[in-house]
Amino acid sequence: MDDALLRTPSGRLRARALGVPFLGTPGPWNALTDVPGVAVGYTTLVEGAGVRTGVTAILPRGRDGVGVPCASGWFSFNGNGEMTGTTWISENGALSTPIAITNTHAVGPAHQGVVDWIATHHPRVAEQWLLPVVAETYDGELNDINGRHVRPEHAIAALDAATTGPLDEGSVGGGTGMICHGFKGGSGTASRIVEYGSDRYTVAAFIQANYGARRELTIAGVRIGADLAETHPDPVAGPGRKPPGAGSVIVVLATDAPLLPGQCAALARRATLGIGRSGTAGSHFSGDLFLAFSTANAGALTSTFPAGPVADDEYEQLRFVPWGRIDRFFDAAVQAVEEAVVDVLVANEDMTGHRGYRVPALPHDAVRAAAERAT
């Protein structure tokens with residue numbers, strides 16, 4: 001098996017290296033960046049005893065494609081969270097700016113950083129208006145979340161660092177201080193190849209995972225959480241701590257398949273089933289917000305100030321997968337999200353942070369045992 005499927009660029013094991021059986025065929029990097037043109041960058045902030053946070057940046061069409069719309073849709077499985085820019089996506093069905101993901105109290109500086117970066121690198125795009133997508137999950141257990149540690153320049157640095165190719169996972173970028181199913185959480189990614197007649201498309205997921213209780217955890221259909229809850233007491237339980245299951249999860253789905261905005265929204269909804277395979281029922285205290293975009297049909301869905309009279313041929317066209325043929329793309333989305341969650345947990349290590357709070361990594365032996373039982 002290709003090494004990119006087994007290890008991150010920094011050498012951390014991925015779920016497939018522990019034998020976890022997943023459905024579907026991954027792309028060459030098993031990452032969001034398997035969708036041509038998509039670039040991802042991280043700023044990771046680990047300083048002193050209390051700073052465990054960062055910013056993740058996603059450029060749907062890379063640096064040069066900012067301002068070129070992608071058909072897009074989003075879904076709120078549970079609304080105890082924030083994802084800016086979504087009302088505009090609901091209105092016109094398009095995404096034309098980078099995406100940033102950070103911690104709950106850093107949405108403002110990350111948003112300003114995205115605007116500043118676009119104004120510097122794409123001033124003509126910034127001349128009209130900018131409504132970037134900035135999403136968050138809560139890292140206040142491990143991170144001094146009120147310390148204003150994330151600044152606009154950190155979002156700018158993540159955008160500048162964005163690249164294609166294999167991606168690091170675990171405690172990186174916006175996922176640095178996150179907790180998932182009572183173990184160290186963070187950033188994860190996976191992809192699937194979809195055969196469509198003689199064409200091949202990719203559906204890929206990126207997740208910032210900060211949700212779920214330990215007792216719920218399920219891997220490859222094997223419920224391992226109850227046993228782990230007894231042998232590894234849940235670190236988020238106890239007075240003054242958020243209850244098990246609280247936190248939030250952000251999922252970004254990307255594809256190069258030609259989809260309508262409504263089909264992208266339907267794809268985003270399938271992320272619910274992907275995270276559901278990890279056992280979560282969806283906590284009231286979790287903001288579970290999902291976004292999907294298609295990089296096909298470049299040049300369509302534009303929304304700029306008009307100039308001059310309407311030309312006789314001033315129309316746009318969209319090529320799209322028929323609704324009756326879309327199920328294979330839904331399958332791919334669910335499979336990619338499921339794997340991305342397990343990669344978050346596997347490609348990680350113990351972390352001690354703010355006020356000495358410690359969160360363990362998911363034991364690899366437990367994952368191997370689940371994989372053996374699943375097969």
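This section describes the pockets, cavities, salt bridges and a nonpolar surface patch of a predicted model.

Open space was examined first. The largest pocket has a volume of about 460 Å³. Its lining comprises 22 residues, and those nearest the centre are Gly67, Ser96, Val125, Ser303 and Thr304. Helix 2 (86-92), strand 4 (94-95) and helix 4 each give two or more residues to this lining. Helix 2 gives the most, with 3 residues. By class, the lining of the largest pocket holds 11 nonpolar, 9 polar and 2 charged residues.

The second largest pocket contains about 170 Å³ of space. It is lined by 11 residues, with Tyr138, Gly140, Glu141, His354 and Arg355 closest to its centre. This lining divides into 2 nonpolar, 5 polar and 4 charged residues.

Enclosed space was also found. The whole structure has 3 cavities of 30 Å³ or more. The largest cavity holds about 40 Å³. Among its lining residues are Leu59, Pro60, Arg61, Val66, Val68, Cys70 and Leu95. Ser96 also lines this cavity, and Ser96 is one of the residues nearest the centre of the largest pocket. The cavity lining has 7 nonpolar, 4 polar and 1 charged residues.

Charged pairs were examined next. The search of the whole structure gives 10 salt bridges. Arg12 pairs with Glu349, with 3.3 Å between the closest N and O atoms. These partners lie 337 residues apart, Arg12 in the loop between helix 1 (3-6) and strand 1 (39-47) and Glu349 in the loop between helix 9 (327-346) and strand 15 (351-352). Arg12 is partly exposed at 29% relative accessibility. Glu349 is partly exposed at 44%.

A salt bridge also joins Arg16 and Glu339, at 2.6 Å from N to O. This pair spans 323 residues, linking the loop between helix 1 and strand 1, which holds Arg16, to helix 9, which holds Glu339. Arg16 counts as buried because its relative accessibility is 13%, under the 20% cut-off. Glu339 is buried too, at 0%.

Glu153 and Arg151 meet in a salt bridge at 2.7 Å, N to O. Glu153 is partly exposed at 41%, and Arg151 is partly exposed at 38%. In addition, Arg14, Glu169 and Asp343 are linked in a network of salt bridges.

At the surface, Trp129, Leu131 and Phe305 make a nonpolar patch of about 310 Å². Trp129 sits in the loop between helix 4 (123-126) and strand 6 (133-137). Its relative accessible area is 33%, so Trp129 counts as partly exposed.

Key. Residues numbered from 1 in each chain as written. Predicted model: local features only at pLDDT ≥ 70, side-chain atom pairs only at ≥ 80, totals over all residues. Heavy atoms only, no water. Patch = residues over 30% accessible without salt bridge, like charges linked within 9 Å, V, L, I, M, F, W, Y side chains within 5 Å. Areas by Shrake-Rupley, 256 points an atom, 1.4 Å probe, with all protein chains shown as cover. Salt bridge = Lys/Arg side-chain N within 4 Å of Asp/Glu carboxyl O. Helix = DSSP H or I, 4+ residues; strand = E, 2+ residues; numbered from the N terminus. Buried < 20%, exposed > 50% of the residue type's maximum accessible area, 1.4 Å probe, protein only. 1 Å grid on protein atoms, 1.4 Å probe; cavity = no way out; pocket = protein on both sides within 12 Å on 5 of 7 lines; lining within 4 Å. Points joined across faces, edges and corners; volume = space filled by probe spheres on them. Nonpolar A, V, L, I, M, F, W, Y, C, P; charged D, E, K, R; others polar.
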